[in-house]
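Trainee: I'd like a close look at one part of this model rather than a quick tour. Pick a piece, start there and work outwards, please.

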Amino acid sequence: MIPNLKIIFLFVWLLQCGGGNVDVQQKPPIQVALLKEGTSIPCKVIFPYMPKYTKFSICYYWINSLDQKTSIYTRLENVAIPSGEENKTAALSYDYRIMPLENTSSTGTYYCKVKWNDIQKMGKGVFILVRDTGYINTSYWLQILITLTVLLAVLSITATALLLWKRKVLCPRRSQPNILKVETQLPSASPPPPPPPPVYDSLDVQQVDIYSSLENKTNNPSHRKNPPGKTPKKQETLEESSDTLYENI
């Protein structure tokens, strides 16, 4: 009987020891915060649902670059055990929100320490970097640049189209005087018409006829004795030839 009782007590003790595992976790290990903005100190408490571990205190503090410790906040917690969750492990988050940071000297490591009656656990800490300005979103400026480029391209295309349209409208009016000049100069540029036949050729022919008629008249005495009311045929031909000569001249 005695060995059996020892085994039972050992089993109960193991259960208590196994259920008595507690821990404090702080993740992520690094954060970046901006001035005038708040941030949170992460703190996750792991403990068993047992009356001994449901009551604890949490202390938040930070250590600056000069290794100076500053207490921030302390709180007491009394967790109620849910029905059916006895001796089970619980993991509850108790993050603490820091008010907006005033200057960059707030940079440092922030810790979370949990204290039970006979146990004390402290997290590994979170390093918070406080900056004046944060990351500038370059995509916003890229969108502005693309918009300006598109607007400039549209304006240049519109201006080119207007210039071409004005040139098409004004060029015909400017070219009309040139067209008239060309039209007026075209007749002068055309080759001159062929000269009329020389007058002297016709004069020579007519002179030959006149001289031949005169010789015949001198040689033929009958023409001299003709009555004044009648004119011989040769005289008529002579007058006709003289008329044609004057006309040719």
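Mentor: Strand β11 (residues 126-131) shows two faces: Val126, Ile128 and Val130 are on the covered one, while Phe127, Leu129 and Arg131 are on the uncovered one. That's the usual pattern, because side chains in a regular strand alternate between the two faces of the sheet. Strands here are DSSP runs (E, at least two residues), as are helices (H or I, at least four), all numbered from the N terminus.

A word on ground rules before going on. This is a predicted model, in which local features need pLDDT of at least 70 and side-chain atom pairs 80 or more, though totals for chains, interfaces and linings use all residues. Residues are numbered from 1 along each chain as its sequence is written, and side-chain values use heavy atoms, with hydrogens and water left out.

Now for the neighbours of β11. Strand β2 (residues 30-34) runs parallel to β11, with 5 bridges between them; Ile30 has Phe127 as its bridge partner there. Strand β9 (residues 108-115) is antiparallel to β11 and joined by 3 bridges, with Tyr110 opposite Val126. Pairing takes at least two DSSP bridges between the strands.

Ile128, from the covered face, is also one of the residues that Thr39 touches. Beyond four places away in sequence, Thr39 is in contact with Gln31, Ala33, Tyr96, Arg97, Ile98 and Ile128 (contact: heavy atoms within 4.5 Å). Thr39 sits in strand β3 (residues 39-41) and counts as buried because its relative accessibility is 8%. The cut-offs are under 20% for buried and over 50% for exposed, with partly exposed in between (1.4 Å probe, protein chains only). The Thr39 side chain also makes a 3.0 Å polar contact with that of Gln31. A polar contact means N or O atoms within 3.5 Å, where one can donate a hydrogen and the other accept it, and sequence neighbours count only if both atoms are side-chain atoms.

From β9 you can follow the loop to β10 (120-122), which is where Asp118 lies. Asp118 pairs with Lys52 in a salt bridge, closest N and O 3.4 Å apart (Lys or Arg side-chain nitrogen within 4 Å of an Asp or Glu carboxyl oxygen). Lys52 is in the loop between β4 and β5 (55-63), so this pair links distant parts of the chain, 66 residues apart. Asp118 is exposed because it reaches 53% relative accessibility, whereas Lys52, at 42%, is partly exposed. The count is 2 salt bridges; Arg75 and Glu77 also form one, at 2.9 Å from N to O. In that pair Glu77 is buried at 18%, and Arg75 is partly exposed at 23%.

Strand β4 (residues 44-48) includes Pro48, which is buried, with a relative accessible area of 0%. Pro48 and Asn87 are 5.6 Å apart, C-alpha to C-alpha, with their positions 39 residues apart in sequence.

Stepping back to the whole chain, it has 4 helices and 11 strands. Of its 249 residues, 22% count as buried. Among contacts between residues at least 6 apart in sequence, 66% join residues at least 24 apart.
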